[in-house]
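Please load the model in your viewer and keep the sequence beside it. We will walk through the structure together, from the whole chain down to a few side chains.

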Amino acid sequence: MLGRTSTVLLRRGFLTSARQAGGHGPPTAKDILPFNPFQNRWVLLVKMGIFAGSGFGLPFYAVYFQLKKKYGK
C-alpha cells in the first residue's frame, strides 16, 4: 500500500514541485515578512509588545470605562 502511494505521488510530481519552483529550503522570516526583523530586534520587540499589549488590555479598559460610567466615580 505504501509503495503504491509513493509511486502515485511520484507520477503526479508532488515530490519534485519544490525543486522545480526553485526553492532553496524553507522560507525564512526575511522572505515572508515585508521588513527585516533582524535589523533592530529591540525596536521590533517594543512594537510587538505595544501591539499585543494594546489588544490584551483593551477589554480591561472597556470594563473599567463602563464601570466608571455606571457608578460615576
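What follows goes from the overall fold to one helix, and then to the rings along that helix.

Before we start, keep in mind that this is a predicted model. The protein chain has four helices and zero strands, so its pattern along the sequence is simply α-α-α-α, with helices taken as DSSP runs. How much of the chain is buried? Of its 73 residues, just 1% count as buried. The chain exposes about 7200 Å² in total, and carbon and sulfur atoms supply 68% of that area.

Now turn to helix H4, which covers residues 41-71. A quick check on its length is the rise per residue: at 1.5 Å a residue, its 31 residues should span 45 Å, and the end C-alpha atoms are 44 Å apart, which agrees. Where does H4 bend? The bend, about 35°, is at Gly-57, and Pro-59 follows within four residues. Just after the helix comes Gly-72, with a positive phi near 65°.

With the helix in view, let's look at its aromatic rings. The model has three aromatic pairs. One of them joins Phe-56 and Phe-60: the ring centres are 5.4 Å apart and the planes meet at 50°, making the pair tilted. Why do these two residues line up along the helix? They are four residues apart in H4, so about one helical turn separates them. Both Phe-56 and Phe-60 are exposed, which means that each has over 50% relative accessible area.

Another pair is formed by Tyr-61 and Tyr-64. Their centres lie 6.3 Å apart with the planes at 40°, so this pair is tilted as well. For pairing, ring centres must lie within 6.5 Å, and planes between the stacked limit of 30 degrees and the edge-to-face limit of 60 count as tilted. Tyr-61 and Tyr-64 both sit in H4, three residues apart, or about one turn of the helix. Phe-65 joins in too: ring pairs link Tyr-61, Tyr-64 and Phe-65 into a cluster.

Finally, look at the surface around that cluster. Which residues make the nonpolar patch there? Leu-58, Tyr-61, Tyr-64 and Phe-65 form a nonpolar surface patch of about 480 Å². Tyr-61, Tyr-64 and Phe-65 therefore appear twice in this tour, as members of the ring cluster and as contributors to the patch, whose nonpolar side chains are joined within 5 Å.

Technical notes. Residues are numbered from 1 along each chain as its sequence is written. This is a predicted model: local features need pLDDT of at least 70, side-chain atom pairs count only at pLDDT 80 or more; totals for chains, interfaces and linings use all residues. Side-chain values use heavy atoms; hydrogens and water are left out. Buried means under 20% relative accessible area, exposed over 50%, partly exposed in between (1.4 Å probe, protein chains only). Accessible areas come from the Shrake-Rupley method with a 1.4 Å probe; for residues, only the protein chains shown count as cover. Rings of Phe, Tyr and Trp (its six-membered ring) pair if their centres lie within 6.5 Å; planes under 30 degrees apart count as stacked, over 60 as edge-to-face and the rest as tilted. The expected span of a helix is 1.5 Å times one less than its number of residues. The bend at a residue is the angle between axes fitted to the seven residues ending there and the seven starting there. Patches are made of residues with over 30% relative accessible area and no salt bridge: like charges are joined within 9 Å, nonpolar side chains (Val, Leu, Ile, Met, Phe, Trp, Tyr) within 5 Å. A salt bridge is a side-chain nitrogen of Lys or Arg within 4 Å of a carboxyl oxygen of Asp or Glu.
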